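Q: I am new to reading protein models, and I would like a close look at a single part of this one, followed by a walk through what surrounds it.

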Amino acid sequence: MSTPAAASRSYTTIGVLGLGTMGAGIAEVFARHGYTVVGVEKDDDALARGRQYLEHSTTRAVKREKMTDLEQRELLGRITFTTALADVAGADLVIEAVVESLQTKKELFRELDAIVGLDTILATNTSSLSVTEISTANSRPGRVIGTHFFNPAPVQQLVEIVRTVVTEEQVLEDVTALVAELGKTPVVCGDKAGFIANTLLFGYLNHAVSMYEARYATREDIDAAMRFGCGYPMGPLALLDLIGLDTAYEILETMYRQGRDRLHAPSPILKQMVTAGWLGRKTGRGFYTYE
Ligand code: CAA
């Protein structure tokens, strides 16, 4: 775990680009800690879905008596929902959490160039794409860094901070301090597909899919083995449903393309399920079905 140095600056406003599972979770984390959040989505439908994620997650916290109605209203009141990227103009930090497409991410970083101030830190929540390559789309690559949150972001403690060879030291220190201030555990790593956790995790997840595909054991037994034999909070197939099979497929593909071993060649059934629209919890069906 990286021990953060003192931050050289304070933050008030955080821009979050993309309010899917991860973006909405990240927005919630910052709003819970009193930050003003500007959440941006590409169109009104996506924006409504993002708002719903946030309402659902905070309502769950109210039901569990972890938050009062008033605190929920205040938290949601700190978030501006918008489809205009220009609304992040005043942000101290912008975190991009859109789909795992290099082209889409680079396009956003290019557009941000003309919108944000010189002092703004730009972060990407990519799970496996090159932070260095994303940063080259912007005229200030030294102020670009990776902040990789884990799903569900409001719950998981870890944030991987990914520094590129050009990330300014002060930016690294500031973001590490900010993550610690959010009550998260920062770890710092270099810019290699999968960073630390996904490099270790995804070979295992893919192996579980192959085992299921080969009908070696049922989904329930594969998951039970890892939960009750190894103490994991979830079995691998249930975890894939949580991550999203489309996201998992993209991560495996990227890791495989970057020359890793066969363990990361996505199991064929994963692609078939993605094509069929079985993306896991978010579509109500993956390895399991959900209400
Ligand atoms: N959003 C917000 N809060 C959530 C949540 C969500 N989606 N899901 C669960 N929670 C909260 C609950 O409200 C509850 O909070 P309190 O303790 O404050 O009441 C707490 O989490 C525990 O939830 P539950 O009791 O409902 O269920 P659980 O104890 O089985 O925990 C879990 C659920 C947190 C998901 C747990 O099973 C877990 O940690 N699973 C492993 C998740 C994991 O490995 N994530 C990493 C995936 S890899 C990744 O994200 C990287 C990538 O690039 C893809």
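Q: Please look closely at helix 9: how many of its eight residues are buried?

A: This is a predicted model, and in it helix 9 is mostly covered, since seven of its eight residues are buried. The buried residues are Pro236, Leu237, Ala238, Leu239, Leu240, Asp241 and Ile243. They pack against three other helices, namely helix 7, helix 8 (residues 219–230) and helix 10 (residues 245–257). Helix 9 is followed by Gly244, whose phi is positive, near 105 degrees.

The contact with helix 7 can be followed in detail. In general, two packed helices are described by the angle between their axes and by the distance between those axes. Helix 7 (residues 197–213) and helix 9 (residues 236–243) pack at an angle of about 115 degrees, and their axes are 9 Å apart. Because angles from 65 to 115 degrees count as roughly perpendicular, helix 7 is described as roughly perpendicular to helix 9. The crossing of helix 7 past helix 9 is left-handed. On the side of helix 7 the contact is made by Tyr204, Leu205, Ala208 and Tyr212, while on the side of helix 9 it is made by Pro236, Leu237, Leu239 and Leu240. When the residues of this contact are sorted by character, eight are nonpolar, none is polar and none is charged.

Just ahead of helix 7 there is a residue worth a pause. Phe195 lies in the loop between strand 8 and helix 7, and its phi is positive, about 45 degrees, although Phe195 is not a glycine. Most residues other than glycine have a negative phi. Phe195 has 22 other C-beta atoms within 10 Å, and therefore counts as buried.

Strand 8, on the other side of that loop, leads into the sheet. The sheet is open and has eight strands in the order 3-2-1-4-5-6-7-8, with mixed pairing. Its edge strands are strand 3 (residues 79–82) and strand 8 (residues 185–189), each of which pairs on one side only. Neighbouring strands of the sheet are turned against each other by 25 degrees on average, with direction ignored.

Within the sheet, strand 1 is a good place to study pairing. Strand 1 (residues 13–17) pairs with strand 4 (residues 93–96) in the parallel sense over four bridges, and Val16 stands opposite Ile95 of strand 4. Strand 1 also pairs with strand 2 in the parallel sense, over five bridges, and here the bridge partner of Gly15 is Val38. Strand 1 is mostly covered, with four of its five residues buried.

Gly15 and Val38 appear again around Val88, as both are among the residues in contact with Val88, together with Val40, Val94, Ile115 and Val116, when its neighbours within four places in sequence are left aside. Val88 lies in the loop between strand 3 and strand 4, and it counts as buried because it has 25 C-beta neighbours inside 10 Å.

Helix 1 offers a second helix contact to set beside the one described for helix 9. Helix 1 (residues 21–32) comes within 9 Å of helix 2 (residues 44–63), computed between axes, and the two cross at roughly 55 degrees. That angle makes helix 1 oblique to helix 2, and the crossing is right-handed. Here Thr21, Gly23, Ala24, Ala27 and Glu28 of helix 1 meet Gly50, Tyr53, Leu54, Ser57 and Thr58 of helix 2. The residues of this contact divide into four nonpolar, five polar and one charged.

Two further places in loops complete the walk. Glu65, in the loop between helix 2 and helix 3 (residues 69–77), has a positive phi near 60 degrees although it is a residue other than glycine; with 7 other C-beta atoms within 10 Å, Glu65 is exposed. In the loop between strand 6 and strand 7 (residues 158–162) sits Pro152, and a cis peptide bond with omega of about 0 degrees joins Asn151 to Pro152. Most peptide bonds are trans.

Methods:
Residues are numbered from 1 along each chain as its sequence is written. This is a predicted model: local features need pLDDT of at least 70, side-chain atom pairs count only at pLDDT 80 or more; totals for chains, interfaces and linings use all residues. Two strands pair if DSSP finds at least two bridges between them. Axes are lines fitted to C-alpha atoms, for helices over the stretch in contact, and angles run from 0 to 180 degrees between N-to-C directions. Angles under 35 degrees count as roughly parallel, over 145 as roughly antiparallel, 65 to 115 as roughly perpendicular and the rest as oblique. A crossing is left-handed if the near helix is turned anticlockwise from the far one by less than a right angle, and right-handed if clockwise. Two residues are in contact if their C-beta atoms, placed from the backbone, lie within 7 Å. Ala, Val, Leu, Ile, Met, Phe, Trp, Tyr, Cys and Pro count as nonpolar, Asp, Glu, Lys and Arg as charged, and the others, Gly among them, as polar. A residue is buried if 20 or more other C-beta atoms lie within 10 Å of its own, exposed if 12 or fewer, and partly exposed in between; C-beta atoms are placed from the backbone.
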